[in-house]
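Here is a small set of exercises to work through with the coordinates open in your favourite viewer. Try each task yourself before reading the solution below it.

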Amino acid sequence: MKEKIVIRRVQALEFTPAAATPPVDQLNPRMLLLYSLGLCTGKTVVSLADKMKVPLTDFRVEVTGNIPDDPAMPYSQFDGFGVRIVATAEQPDQTALEKDIEQRMVRAAVKAEDKYCPVTLMVQRIAPVKLSLYLNNKRLPLSKKSVE
């Protein structure tokens, strides 16, 4: 069984559940964990991207958690998480600048996952977290080498 939550940036570091996601006060505990993961990831990535001068115009985080369908265990724990970052940035005029913005966004996402988001670091002890990044409708490959 998959559970999913989507949060969208409203402004600066302010986020809110997207239209398909119930209000925070109506979320069950498992959904609150996903919300916390998305909120921490979102705030961390946006903060790092801002410091790296990435001109973000739209930003959302989609978080999924997979719970095995095992009738013997009605209170199963997550066995995997997916964090999908979907961002839009102002388009630069030159291809070289576009690649530079993409590289900075990849660095921000990888650093958030590996170092700066404490919720991600905690959740990784429960189950693997698979991160994906889309910038301007293009999936960007995430590599630890791109951060070094």
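The exercises below go from the whole chain to single residues.

The model is predicted, so local features are given where pLDDT is at least 70, side-chain atom pairs count only at pLDDT 80 or more, and totals for chains, interfaces and linings use all residues. Residues are numbered from 1 along each chain as its sequence is written, and side-chain values use heavy atoms, with hydrogens and water left out.

**Exercise 1. Fold pattern**

Find how many helices and strands the protein chain has, and write down their order.

*Solution.* Start with the DSSP runs: helices are H or I runs of at least four residues, strands are E runs of at least two, and both are numbered from the N terminus. The count gives three helices and six strands. Next, walk along the sequence: the pattern reads β-β-α-β-β-α-α-β-β.

**Exercise 2. Overall dimensions**

Compare the radius of gyration of the protein chain with the value for a compact globule.

*Solution.* The radius is taken over C-alpha atoms, and the globule rule is 2.2 Å times the number of residues to the power 0.38. For 148 residues, the rule gives a radius near 15 Å; the protein chain has 16 Å, which agrees. As a further step, fit a box along the principal axes: the C-alpha atoms fill roughly 55 × 30 × 25 Å.

**Exercise 3. Surface, charge and contacts**

Work out what share of the residues is buried, what the exposed area is made of, and how the charges are placed.

*Solution.* First, burial: a residue is buried under 20% relative accessible area, exposed over 50%, and partly exposed in between (1.4 Å probe, protein chains only). By this rule, 43% of the 148 residues count as buried.

Second, area: by the Shrake-Rupley method with a 1.4 Å probe, the protein chain exposes about 8,500 Å², and carbon and sulfur atoms supply 53% of it.

Third, charge: Lys and Arg count as positive and Asp and Glu as negative, while His and the chain ends are not counted. Each charge is placed at NZ of Lys, CZ of Arg, CG of Asp or CD of Glu. There are 21 positive and 17 negative side chains, and the centres of the two sets lie 4 Å apart.

Finally, contacts, meaning heavy atoms within 4.5 Å: among those with a separation of 6 or more, 70% come from residues 24 or more positions apart.

**Exercise 4. The nonpolar core**

Describe the largest nonpolar core, and say which element gives the most to it.

*Solution.* Such a core is a set of buried Ala, Val, Leu, Ile, Met, Phe, Trp, Tyr and Cys residues joined through side-chain atoms within 4.5 Å. The largest one has 42 residues, and those with the most contacts inside it are Val54, Leu56, Phe59, Phe81, Val83, Ile85 and Met105. Elements giving two or more residues to this core include strand S1 (2-11), strand S3 (56-66), strand S4 (80-89) and helix H2 (95-116). Helix H1 gives the most, with nine residues.

Now zoom in on Leu56: leaving aside neighbours within four places in sequence, this residue is in contact with Arg9, Val46, Ala49, Ala87, Thr88, Ala89 and Met105.

**Exercise 5. A residue of H1**

Decide whether Thr44 is buried or exposed, and list what it touches.

*Solution.* Thr44 lies in helix H1. Its relative accessibility is 13%, so Thr44 counts as buried. Not counting residues up to four places away in sequence, Thr44 touches Ala112, Tyr116 and Cys117. For a distance check, Thr44 and Ala108 are 64 residues apart in sequence and 8.1 Å apart C-alpha to C-alpha.

**Exercise 6. Loop residues**

Inspect phi at Ala12 and Asn136, then place Asp69.

*Solution.* Ala12 sits in the loop between S1 and strand S2 (14-17). Its phi is near 40°, a positive value in a residue other than glycine. Ala12 is exposed, at a relative accessible area of 56%.

Asn136 belongs to the loop between S5 and strand S6 (138-140). Its phi is also positive, about 50°, although Asn136 is not a glycine. With 23% relative accessibility, Asn136 counts as partly exposed.

Asp69 is in the loop between S3 and S4, and at 66% relative accessibility Asp69 counts as exposed. The C-alpha atoms of Asp69 and Met1 are separated by 6.0 Å, with their positions 68 residues apart along the chain.
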